[in-house]
Amino acid sequence: MIARADRANPLRWYLAALLLGIVLSLLEGYPLLKFQAQRLAEIVPALGLLAWCYRRQPAAFFSEPVLSGWYGIGLVGFAAAALLSGAVGAIPWISLGFLGLVLLQFGLLPLLQPVWQRHGADLVRLLALFTVAVLGMDVGIWLLARAFEVTPYAWVLRPEPGGGMAEAPYLYLNSRWANQLTVLLIWTFVPLLQQLQQGVIVRQRRFWWAICAAVPLLGLSQIVLNQGDGALLAVVVGGAGLALAGWRSTAESRRLCWTATGLLLGAGLLAALLSAVLSAGDFFTEFAQRGAEQLAPAAPTAQKRIVLWPAYARAVLASPWLGAGIPAIAPASPECTPHNLWLALLHWTGLLGTAAALALATAFVPRHWIGRGVSVMALPLLLSLFVYQLVDDIWLRPLALALLLVLLPGLKRLDAAQPSPQLFAQQKAPQRLLQRFAFPAATYRLLAVVGVLLITISSVVPGGVGFAPSALVTMPKAACLLFF
């Protein structure tokens with residue numbers, strides 16, 4: 001039974017719509033149409049959340065600041081930098097669409113933090129269930145592909161005896177996109193474990209313990225089976241941070257952190273055993289070898305990090321302040337993206353946009369990592385996200401972005417009420433200037449609407465993001481699916 005108070009939780013229905021979109025995308029095999037289906041699975045639920053924000057609101061919604069001025073400066077500054085870099089770059093209308101997505105996502109984020117305050121306990125359980133469903137589908141499809149000798153993460157058609165074609169289901173276009181969801185979702189078991197240890201969950205405890213154990217097991221199985229080196233490194237760093245936090249915490253937090261770390265270690269051993277049984281390769285032995293291959297000297301056309309990173313670094317030096325527009329490809333790059341968040345931001349929006357992006361992080365990076373009202377999954381999630389973004393590009397994929405919209409508002413409690421206007425009158429000029437950017441919720445809602453408008457414009461004008469790969473943002477031998 002759903003508690004009456006939790007029935008009004010908009011993120012409950014958002015996750016249900018997102019899961020439905022993911023399931024429906026399984027029905028489409030053609031890669032471009034599958035990507036479009038997942039694109040809609042991202043955008044449509046976000047528009048539903050924006051519509052929910054237009055219900056009747058109290059007077060404080062239109063007048064009281066909801067976040068510090070640093071977040072407002074970051075969002076406005078990044079929008080200005082992205083608009084300028086796109087205007088002077090070669091892909092202005094495509095950049096406009098990506099700017100619209102930024103405004104939609106980060107405009108909604110302050111509006112969703114109160115939802116986490118009111119329905120946090122419910123969302124913890126929902127996210128764990130969502131994780132088991134999504135990762136369970138992915139691992140299950142991989143195992144089926146293995147059993148029928150089908151290549152996973154690929155559109156495979158086989159002739160049937162009657163002359164037709166049999167189509168094998170697949171969920172993601174490649175294993176890296178699958179790893180992105182795992183890096184984001186694997187930490188949802190930590191707050192669920194906290195509820196179990198604190199006795200918040202009274203009924204069906206065996207079921208929830210099973211869910212709690214299944215999340216890290218499915219996540220690490222998915223990483224090991226498809227040889228996700230970057231994802232494994234990110235999870236290891238997140239787990240190490242969790243263990244260290246436990247060592248420096250109180251007895252209750254220490255028990256939580258170390259139990260979570262133990263579950264991760266146990267899940268890793270079981271995942272390695274599963275890989276050995278299936279003869280899927282010795283993942284842990286080959287891990288260092290595959291990493292070394294990415295950094296070994298290679299030809300300029302090789303799709304390796306040792307080629308990508310210098311290519312984008314040289315492009316950054318060519319236009320350090322403004323950038324080339326989102327998501328421009330560096331001239332000498334053999335890949336669509338640098339697989340590195342910081343190189344991407346610097347190349348696309350310059351130093352100005354990157355600095356503004358750092359200011360945006362103030363909304364979901366807590367000052368205190370354990371306790372004090374902060375989500376216990378903040379530390380491992382942000383650590384693993386930071387590490388993984390050094391080797392991949394989570395923030396460019398539809399389903400990963402859809403999950404970030406839910407997860408980021410839950411990492412840090414909403415800022416307390418802002419100081420009184422009388423106090424602001426006594427502050428120095430820089431502090432008063434900062435307060436000008438401490439926007440009320442209504443302003444962020446308006447920015448999200450502007451984002452929808454920019455996405456719409458970019459989708460319909462020639463040279464925008466459109467509904468097919470753009471000749472302006474693509475590689476000679478492959479389409480770059482960089483729509484959202």
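**View 1. Four helices each put at least two residues into the lining of the largest pocket.** They are helix 4 (92-147), helix 12 (341-360), helix 13 (378-388) and helix 14 (398-407). Bear in mind that this is a predicted model. The largest pocket comes out at a volume of about 760 Å³. Of its 28 lining residues, F106, L341, F364, Q389 and L408 are the closest to the centre. What kinds of residue make up the lining? Mostly greasy ones, to put it informally: 26 are nonpolar and 2 are polar, with no charged residue in the set.

**View 2. Q117 and K412 come together from distant parts of the chain.** Here we pick helix 4 up again, this time at Q117. Some 295 residues separate Q117 from K412 along the chain, yet their C-alpha atoms sit 9.7 Å apart. Is Q117 buried or exposed? Neither, quite: with a relative accessibility of 49%, Q117 counts as partly exposed, because the exposed class takes values over 50%.

**View 3. Helix 7 has a bend at A214.** This helix covers residues 205-225, 21 residues in total. From first C-alpha to last, helix 7 reaches 30 Å, close to the 30 Å expected at 1.5 Å a residue. Even so, helix 7 bends by about 25° at A214. Look a little further along for a proline: P216 follows within four residues of the bend.

**View 4. Two glutamines with positive phi, Q204 and Q227, sit in the loops on either side of helix 7.** Most residues other than glycine have a negative phi, so positive values are worth a look. Q204 belongs to the loop between helix 6 (189-198) and helix 7, and its phi is near 55°. On the other side, Q227 comes just after helix 7, in the loop that leads to helix 8 (229-247). Phi of Q227 is near 60°. How do the two compare in accessibility? Q204 is exposed, at 59% relative accessible area, while Q227, at 31%, counts as partly exposed.

**View 5. A cis peptide bond joins I326 to P327.** Omega for this bond is near -5°. Most peptide bonds are trans, so this one deserves its own panel. Where is P327? Find it in the loop between helix 11 (305-318) and helix 12. Helix 12 is also one of the helices that help line the pocket in View 1.

**View 6. C53 and C257 are buried cysteines.** Each has a relative accessible area of 2%. That puts C53 in the buried class, because the cut-off for buried is under 20%. C257 is counted as buried on the same basis, because its value too falls under 20%. How many disulfides does the structure hold? The count is 0, so no pair of cysteine sulfur atoms comes within 2.5 Å.

Notes. Residues numbered from 1 in each chain as written. Predicted model: local features only at pLDDT ≥ 70, side-chain atom pairs only at ≥ 80, totals over all residues. Heavy atoms only, no water. 1 Å grid on protein atoms, 1.4 Å probe; cavity = no way out; pocket = protein on both sides within 12 Å on 5 of 7 lines; lining within 4 Å. Points joined across faces, edges and corners; volume = space filled by probe spheres on them. Nonpolar A, V, L, I, M, F, W, Y, C, P; charged D, E, K, R; others polar. Expected span 1.5 Å × (residues − 1). Bend = angle between axes of the 7 residues up to and from the residue. Buried < 20%, exposed > 50% of the residue type's maximum accessible area, 1.4 Å probe, protein only.
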